[in-house]
Protein chains: 2
Amino acid sequence: MKGIIMIIDGMGDRPLKELGYKTPLEAANTPNMDKLAEIGINGIMDPIRPGIRAGSDTSHISILGYDPYEVYTGRGPFEAAGIGLEVIAGDIAFRCNFSTQDENGIITDRRAGRIREGTEKISESINNLKLEGFEDIEIIFKESTGHRAVLVLRGEGISDKVSDSDPKNEGKPPKEVISLDDSQEAQKTAQILNKFVETSYELLKDHPVNLKRIEKGENPANVILPRGVGAVPNLVPFSEKYGLKAACIAETGLIKGIGKIAGMNLIEVEGATGGTDTNLENITKSIKNTAEDDNCEFILINIDGADEAGHDGQMEEKVKFIEKVDTVISEIMQIDDVYFILTADHSTPISVMDHTGDPVPIIIKGPEVRVDDVNKFSERAAVSGGLCRIRGSDVMNILMDLMNKSEKFGA
Amino acid sequence: MKGIIMIIDGMGDRPLKELGYKTPLEAANTPNMDKLAEIGINGIMDPIRPGIRAGSDTSHISILGYDPYEVYTGRGPFEAAGIGLEVIAGDIAFRCNFSTQDENGIITDRRAGRIREGTEKISESINNLKLEGFEDIEIIFKESTGHRAVLVLRGEGISDKVSDSDPKNEGKPPKEVISLDDSQEAQKTAQILNKFVETSYELLKDHPVNLKRIEKGENPANVILPRGVGAVPNLVPFSEKYGLKAACIAETGLIKGIGKIAGMNLIEVEGATGGTDTNLENITKSIKNTAEDDNCEFILINIDGADEAGHDGQMEEKVKFIEKVDTVISEIMQIDDVYFILTADHSTPISVMDHTGDPVPIIIKGPEVRVDDVNKFSERAAVSGGLCRIRGSDVMNILMDLMNKSEKFGA
């Protein structure tokens with residue numbers, strides 16, 4: 001038996017007046033998810049704890065059986081791993097923006113004209129940089145999509161207890177990075193970052209890519225602003241923790257990074273955009289191929305579009321995307337010899353346009369589960385299911401038990 | 001008001017095709033349990049945590065309100081206490097087999113021809129043994145039922161971080177006991193055990209009981225193989241923890257041992273075999289007598305047959321035994337002034353033939369409980385009950401509250 005956990009990012013929601021007080025999932029026409037609910041055991045799940053607003057990262061970490069309060073210090077490490085950097089435990093990692101700074105040191109565009117091309121060339125000028133006075137610290141820098149990038153600091157005596165440099169609004173200079181505790185490590189790291197931001201401007205202001213952009217009337221990507229600091233955690237690899245060879249099919253760098261740091265095999269899918277326009281056909285093919293691979297015993301799947309629609313407050317878009325995902329479910333349901341778990345990582349209500357702590361529905365389908373009377377997949381139908389209310393941290397324990405891979409505790 | 005917790009060992013199960021996708025409990029005709037469900041409050045319970053495969057020992061420990069992750073290191077201490085040895089905190093205790101070893105040092109029968117008689121005499125030769133070089137360590141040894149026995153080491157500088165000597169299969173020599181950490185204590189204990197196994201053979205190979213067995217063509221019980229090591233925990237006695245004078249009516253040494261180590265009064269029942277052939281009439285009489293005893297305010301009851309049937313994969317046997325137990329319930333229900341809790345310690349599904357992490361149903365009957373609409377006792381009917389999904393560690397708190405014996409936390 002294999003295990004598949006499929007997470008529809010941000011699918012959970014709240015009743016909306018515009019939908020006759022139904023949630024988008026309740027309003028959507030989802031015959032396949034409903035069928036899955038009918039033949040499985042249902043419940044609601046708090047990714048972390050009731051009422052706690054989980055991030056996608058902390059929720060996935062929790063569902064995989066790691067304690068986010070222990071291992072999660074920030075988003076940087078997962079973003080870095082997600083774009084393919086080989087981070088190691090102890091690295092201090094950041095998300096960055098390519099931004100535009102004027103000659104007075106003021107940020108005039110946090111996203112550098114939403115730059116899409118040339119960031120690879122720009123990154124070459126930053127990667128492997130040695131900062132004066134901090135030559136012992138390795139600087140790894142890589143562009144991500146659009147105006148995004150990641151920065152990794154590697155070396156002794158550094159810390160994740162530092163603030164962001166992103167001023168959040170245009171018209172201000174980069175925010176001075178400060179140490180968030182009294183340790184020498186944090187103070188040193190803050191100095192490194194301030195020097196890094198300053199140096200990035202010196203190195204990039206006349207970079208050929210930027211000179212061309214200025215010529216074309218585009219904002220240059222002439223300064224790098226790190227934020228979202230985190231220390232790369234020392235995770236017991238998933239395969240070691242559970243004895244399951246695992247693959248991760250995800251769209252966003254954040255979730256790919258979680259898979260990567262947990263030691264999973266990342267499966268790239270062409271056309272997986274992370275939006276509602278994503279290529280669900282290709283994702284489905286990937287899932288089916290991976291499930292057939294003898295070398296894979298567990299698949300973590302994340303599909304991101306519903307979360308995007310939630311963040312954008314796009315009600316109809318969210319309903320429609322859930323209906324699109326429903327067609328995928330019909331195919332995954334047919335994979336043999338699998339425990340299939342369908343759930344979300346958190347709610348992203350249309351009305352809030354951000355994550356909330358409302359629990360999400362969960363179905364477990366597979367041999368010998370205690371099938372219940374629920375025959376609809378929704379936040380409220382799931383409540384009367386056989387799982388009652390569980391937590392993200394219970395999911396892997398329940399799956400391992402069903403897969404008969406658990407050790408007995410005691411006699 | 002008194003409290004009774006009755007645990008039907010291993011009663012929980014999974015839906016079985018052969019039973020029309022009912023569980024044995026669902027398939028069994030249980031009018032009395034169903035009546036109890038109707039007049040009580042119902043729910044499902046995870047003995048430890050969702051998905052965790054509890055042993056009978058760790059589950060009972062948890063239900064009694066002790067943390068198994070803190071106090072449980074292995075089965076030995078409970079087996080030892082269960083057959084009447086007065087163990088004390090810090091003792092290192094083992095389960096043992098009387099086995100047969102040939103002159104080449106090979107174990108030819110792990111159960112010494114399933115010896116039934118003469119083990120008391122054999123044990124006399126081992127009990128109080130002083131091992132050369134370890135004269136400071138007291139050795140307490142006592143036969144249990146059949147080929148089983150227990151060993152207790154008492155003294156300074158010993159540890160439970162040692163391996164088993166049982167090779168698990170015939171045709172191999174006793175497994176060399178090794179220390180499982182680098183401590184001097186563990187190394188010393190491993191040496192003691194290896195010497196103990198070796199010495200047991202020297203002392204027993206020509207023991208009169210064994211000479212007679214050999215004469216009769218039976219395998220001699222000429223070597224002792226310890227396993228299941230554990231350190232006797234320092235439990236706050238149940239009566240002190242809850243202010244309730246408690247009795248334990250159990251069939252197996254393991255559960256008796258838990259009662260004993262928690263300081264409960266052990267009630268012996270004639271004909272209680274721990275199997276499906278047990279004398280339920282005598283058990284019922286014992287329960288009623290104990291409940292009438294003014295000196296007893298709490299009774300822990302364990303009936304083991306359903307677990308045995310589960311381990312043996314005997315579906316019909318399990319259904320029938322549950323039906324037999326149902327007749328007991330009718331009598332216990334009639335005891336006045338009692339909060340009566342009926343549950344299981346874990347699931348032992350027919351299909352798995354071992355414990356699983358599936359939750360078990362629980363009923364609490366007594367004055368003023370919030371009676372719900374559940375009118376059937378089963379794994380799935382219980383889900384819609386008023387208790388929802390609780391944990392083993394919640395049970396005593398709920399009972400103490402109902403019994404009005406709880407202290408308020410706060411003002």
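**A walk through two chains**

With 10 C-beta neighbours inside 10 Å, B:N128 counts as exposed, because a residue with 12 or fewer such neighbours falls in that class. This is a good place to start our tour of what is a predicted model. B:N128 sits in chain B, in the loop that runs between α6 (119-126) and β6 (138-143). Its backbone deserves a look too: the phi of B:N128 is near 70°, a positive value in a residue other than glycine. Most residues other than glycine have a negative phi.

Chain A offers a residue to set beside it. A:D337 is not a glycine either, yet it has a positive phi of about 55°. You will find A:D337 in the loop between α13 (315-333) and β11 (338-343) of chain A. Is A:D337 buried or exposed? It counts as exposed, because it has 9 C-beta neighbours inside 10 Å.

Now step back and take in chain A as a whole. The domain assignment divides chain A into domain 1, made of 2-72 + 235-402, and domain 2, which covers 80-231. If you follow the chain by residue number, then, you begin in domain 1 at residue 2, meet domain 2 from residue 80, and come back to domain 1 at residue 235. Between the C-alpha centres of these two domains of chain A lie 33 Å. Where the domains touch, six residues of domain 1 of chain A are in contact with five residues of domain 2 of chain A. On the domain 1 side of that contact, two residues are nonpolar, two are polar and two are charged.

The next stop is the place where the chains meet. How many residues does each chain bring to this contact? Chain B gives 32 residues and chain A gives 21. On the side of chain B that touches chain A, the elements giving two or more residues are β3 (53-54), α3 (56-63) and β14 (388-391). Of these, α3(B) supplies the largest share, with three residues. Sorted by class, the chain B side holds twelve nonpolar, ten polar and ten charged residues.

One part of the story between the chains can be followed strand by strand. Strand β14 of chain A, residues 408-409, pairs with β3(B) in the parallel sense, over two bridges. To find this pairing in the structure, look for A:K408, which stands opposite B:R53 in β3(B). The strand β3 of chain B is also one of the elements that give two or more residues to the side touching chain A.

Notes:
Residues numbered from 1 in each chain as written. Chains lettered and ligands numbered in written order. Predicted model: local features only at pLDDT ≥ 70, side-chain atom pairs only at ≥ 80, totals over all residues. Helix = DSSP H or I, 4+ residues; strand = E, 2+ residues; numbered from the N terminus. Buried ≥ 20, exposed ≤ 12 C-beta atoms within 10 Å, placed from the backbone. Domains from an automatic or database assignment. Contact = placed C-beta atoms within 7 Å. Nonpolar A, V, L, I, M, F, W, Y, C, P; charged D, E, K, R; others polar. Pairing = 2+ DSSP bridges.
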